[in-house]
Amino acid sequence: MKRWQIQFCSIAFPHPAPSRGSPSLRCLRVFSAFFMAKGFVAALVLVLPIVASAGPIVDRVVANVNGHVVLQSDWEEEVSFEAFEDGKDPSSFTEEERKAALDRLIDQELLREQVRPSQPAPADQVAARVAEVRKVQPNCSTDAGWRAALQRYGMTQSELEARLGNQIQLMKLVEDRLRPSIQIDQQAIESYYHDQLLPQLKKTGAQAKPLTEVYGRIKTLLAEKKLNELLTGWLANLRSEGHIFTSNPKSGDQNR
């Protein structure tokens, strides 16, 4: 995947941070973006027959991540899942957005090789994420409308819960590994307050609050940004050391 996401809560004042979907101050999704070139001669292009109840279906391998294959159907499911999370139509995804979804799948697999979950995600956290996704779906105030929305995107309730649970597990493991090394000092907080926050508040006409009132929120924000930087570097290293082959059926064969 071109962007791998971790969820963080935003703080209630403007700040430059990457986001996807609504621009409102909701939980941020922090992404890594990579196009790491590998010096391989040819890309992997395979076609595998998969037998389904409706008859044989050809499912193409679109990526190989250290021996683990990612199928065209995996890619399509990821696009549908991301579209569902954001309340979008999967067919509205541009080719660039589809490639980003594939990159996310690749990065997820790289991370799972390093930190495989041993415990399921807490049920209450999964339920909370399902509720968040449901809010962005139109006409889902009733159970019937919710079931219809799931069906439109080719998902069941249990499949959605499993995907969100895996997302929660992976994010927690990444945080547990990287966050202990993060240290935010007072000077960094004061610099952010004077150099970034106050100018932004002045520009928007919002009332500035004393540093003492926003100190904790700034510290949290800077820690999240640092965590994203560490994740970016970790994924870049995993990609540079790994064997990642991709074959994009729409854009021509590639290798990384």
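**Exercise 1. Arg163 and its salt bridge**

Determine whether Arg163 is buried, partly exposed or exposed in this predicted model, and establish which parts of the chain its salt bridge with Glu77 ties together.

*Solution.*

Step 1. The relative accessibility of Arg163 is 24%. Buried requires a value under 20% and exposed a value over 50%, so Arg163 counts as partly exposed.

Step 2. The partner, Glu77, has a relative accessibility of 44% and also counts as partly exposed.

Step 3. In the salt bridge between Arg163 and Glu77, the closest N and O atoms are 3.7 Å apart.

Step 4. Arg163 belongs to helix 5 and Glu77 to helix 1; the pair therefore ties together parts that are 86 residues apart in sequence.

Step 5. Arg163 and Glu77 are joined with Glu78 in one network, through salt bridges that share partners. The structure as a whole holds 14 salt bridges.

**Exercise 2. Two salt bridges of Glu97 and Lys99**

Identify the salt-bridge partners of Glu97 and Lys99, and state how exposed the residues of each pair are.

*Solution.*

Step 1. Glu97 pairs with Lys88, with 3.3 Å between the closest N and O atoms.

Step 2. Glu97 has a relative accessible area of 29% and is partly exposed; Lys88, at 29% relative accessibility, counts as partly exposed.

Step 3. Lys99 meets Glu95 in a salt bridge with an N to O distance of 3.8 Å. Both residues lie in helix 2, four residues apart, which is about one turn of the helix.

Step 4. In an α-helix there are 3.6 residues a turn, so residues three or four places apart point the same way.

Step 5. Lys99 is partly exposed at 27%, and Glu95 is partly exposed at 40%.

**Exercise 3. The two sides of helix 4**

Which residues of helix 4 are buried, which are exposed, and why do the buried ones line one face?

*Solution.*

Step 1. The buried residues in helix 4 are Gly145, Trp146, Ala149 and Leu150.

Step 2. Viewed down the helix axis, the buried residues of helix 4 fall within an arc of 140°, so they line one face of the helix.

Step 3. Arg147, Gln151 and Arg152 are exposed on the other side of helix 4.

Step 4. The packing partners of the buried residues are helix 1, helix 3 and helix 5.

Step 5. After helix 4 comes Gly154, with a positive phi near 70°.

**Exercise 4. The aromatic cluster around Phe84**

How many aromatic pairs does the structure contain, and which residues do the ring pairs link into a cluster?

*Solution.*

Step 1. A search of the whole structure gives two aromatic pairs.

Step 2. One of them, Phe84 with Trp146, is tilted, with 5.5 Å centre to centre and 40° between the planes. Phe84 is in helix 1 and Trp146 in helix 4, so this pair ties together parts that are 62 residues apart in sequence.

Step 3. Phe84 also pairs with Tyr153 in an edge-to-face arrangement, with 4.8 Å between the centres and 65° between the planes. Tyr153 lies in the loop between helix 4 and helix 5, 69 residues from Phe84.

Step 4. All three residues count as buried: Phe84 at 0%, Trp146 at 5% and Tyr153 at 12% relative accessibility.

Step 5. The ring pairs thus link Phe84, Trp146 and Tyr153 into a cluster.

**Exercise 5. The largest nonpolar core**

Which residues touch the most other members of the largest nonpolar core, and which element contributes the largest share of this core?

*Solution.*

Step 1. Among the 42 residues of this core, Phe84, Leu111, Trp146, Leu160 and Trp234 touch the most other members.

Step 2. Helix 5 supplies the largest share of this core, with seven residues.

Step 3. Beyond its neighbours within four places in sequence, Leu160 is in contact with Phe81, Phe84, Val130, Trp146, Leu150 and Met155.

Step 4. A separate second core of 10 residues includes Ile189, Tyr192, Ile218 and Leu222.

Step 5. Trp234 lies in helix 7 and is buried, with a relative accessible area of 10%. Outside its neighbours within four places in sequence, the contacts of Trp234 include Leu111, Val174 and Leu178. The C-alpha atoms of Trp234 and Leu111 are separated by 9.1 Å, although the residues are 123 apart along the chain.

Technical notes: Residues are numbered from 1 along each chain as its sequence is written. This is a predicted model: local features need pLDDT of at least 70, side-chain atom pairs count only at pLDDT 80 or more; totals for chains, interfaces and linings use all residues. Side-chain values use heavy atoms; hydrogens and water are left out. Buried means under 20% relative accessible area, exposed over 50%, partly exposed in between (1.4 Å probe, protein chains only). Contact means heavy atoms within 4.5 Å. A nonpolar core is a set of buried Ala, Val, Leu, Ile, Met, Phe, Trp, Tyr and Cys residues joined through side-chain atoms within 4.5 Å. A salt bridge is a side-chain nitrogen of Lys or Arg within 4 Å of a carboxyl oxygen of Asp or Glu. The arc is that of the directions from the helix axis to the C-beta atoms. Rings of Phe, Tyr and Trp (its six-membered ring) pair if their centres lie within 6.5 Å; planes under 30 degrees apart count as stacked, over 60 as edge-to-face and the rest as tilted.
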